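Work through the following exercises with the sequence and the coordinates at hand. Each task is followed by a solution that goes step by step.

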Amino acid sequence: MGGDASAIADVARLRERLGSRTIALVGLMGAGKTTVGRRLASLLGLPFRDSDVEIEEVSRMTIPELFEAYGEPEFRALEARVVQRLAVEGPQVVGTGGGAYMNGETRERLKSTAVTVWLKADLDTLMERVSRRSNRPLLKTADPRETMRRLIKERYPIYGQADIVIESRNVKREQVASEVAEAVQAFLERNER
Ligand SMILES: Nc1ncnc2c1ncn2[C@@H]1O[C@H](COP(=O)(O)OP(=O)(O)OP(=O)(O)O)[C@@H](O)[C@H]1O
Ligand SMILES: O=C(O)C1=C[C@@H](O)[C@@H](O)[C@H](O)C1
Ligand SMILES: [Mg+2]
């Protein structure tokens, strides 16, 4: 989807086919859900919401503070509630927290209200990206790389249930966003027939 009149027509077609559905990005920490999600939303003229940000707003705490004060199970319960609510507020683009899609009820809800896109990245890419910030409680371990490797093993089969898979490699974010838009368009067309 480039920047000319046909691209505008493509966007209009995609928006029409999408209706009130959400485009939900899933994938591991560092996959680019927030970064690519923002660009995708701006490409499509849709609002962007980030479930991690929504959680921080409703709890008035940061995610590391939530993990610290209440532990991961409480965080997951809050996350599930937030994503259940967000899922029905489309049309929009939602960047989900890395663990959100692991919840079966969340997956069910997204199946009926969203087009889900797994942003898939390899271990080196993820580690390179998450090393820039230390705001991810799950990676505060003795060996973050090993932790990420374990998360890949546990989660990739589940993320693989998403409607669409896009490789989130080190190319411009705009390019990944436009690949997502094209794949969503193709998915919607296929499912119309
Ligand atoms: N295509 C890309 N090329 C280079 N860097 C990228 C790309 N996409 C994202 N990044 C960088 O990787 C880092 C992590 O990206 P981002 O925060 O979007 O990931 P996330 O999937 O939202 O992770 P989390 O689950 O922890 O919220 C950011 O610093 C971002 O700028
Ligand atoms: O992958 C995960 O489980 C997480 C990812 C982040 O988006 C945050 O939701 C939190 O740090 C947990
Ligand atoms: Mg994010």
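**Exercise 1: Annotated arginines**

Arg155 is located in helix α8, which spans residues 144–159, in what is a predicted model.

Task: Determine how many other C-beta atoms lie within 10 Å of Arg155 and of Arg76, and assign each residue to a burial class.

Solution: Begin with the record, in which an unreviewed UniProt entry places the feature "binding site" at Asp52, Arg76, Gly98 and Arg155. For Arg155 the count is 18 other C-beta atoms within 10 Å, and this residue is therefore partly exposed, given that buried requires 20 or more and exposed 12 or fewer. Arg76, which belongs to helix α5 (residues 72–87), has 16 such atoms and is therefore also partly exposed. As a last step, turn to the contacts, leaving aside neighbours within four places in sequence: Arg155 is in contact with Leu28 and Met102, while Arg76 touches Gly99 and Asn103.

**Exercise 2: Thr34 and the shell around ligand 1**

Task: Establish which residues come nearest to ligand 1, and describe the setting of Thr34 in helix α2.

Solution: There are 21 residues around ligand 1, of which Gly32, Lys33, Thr34, Thr35 and Arg129 come nearest. Sorted by character, the shell comprises five nonpolar, 10 polar and six charged residues. Helices α2 and α9 (173–190) each supply at least two residues of this shell, and α2 gives the most, with four. Thr34 itself lies in α2, which covers residues 33–44, and the "binding site" annotation of the unreviewed UniProt entry covers Thr34. Because 18 other C-beta atoms lie within 10 Å, Thr34 is partly exposed. Beyond its neighbours within four places in sequence, Thr34 is in contact with Asp50 and Gly95.

**Exercise 3: The surroundings of strand β4**

Task: Which strands pair with β4, and in which sense do they run? Which way do the residues of β4 point, and are they buried or exposed?

Solution: Consider the pairing before the side chains. Strand β1 (residues 22–26) runs parallel to β4 and is joined to it by five bridges, with Val26 standing opposite Trp118. Strand β5 (residues 164–167) also pairs with β4 in the parallel sense, over four bridges, and Ile164 in β5 is the bridge partner of Val117. Next, divide the residues of β4 by direction: Ala114, Thr116, Trp118 and Lys120 point one way, whereas Val115, Val117 and Leu119 point the other way. In a regular strand, side chains alternate between the two faces of the sheet. Finally, check burial, where seven of the seven residues of β4 (residues 114–120) are found to be buried.

Technical notes:
Residues are numbered from 1 along each chain as its sequence is written. Chains are lettered from A and ligands numbered from 1 in the order in which they are written. This is a predicted model: local features need pLDDT of at least 70, side-chain atom pairs count only at pLDDT 80 or more; totals for chains, interfaces and linings use all residues. UniProt positions are given in the numbering used here, feature names are shortened, and annotations may be inferred rather than shown by experiment. Two residues are in contact if their C-beta atoms, placed from the backbone, lie within 7 Å. A residue is near a molecule or strand if its C-beta atom, placed from the backbone, lies within 6 Å of it. Ala, Val, Leu, Ile, Met, Phe, Trp, Tyr, Cys and Pro count as nonpolar, Asp, Glu, Lys and Arg as charged, and the others, Gly among them, as polar. Two strands pair if DSSP finds at least two bridges between them.
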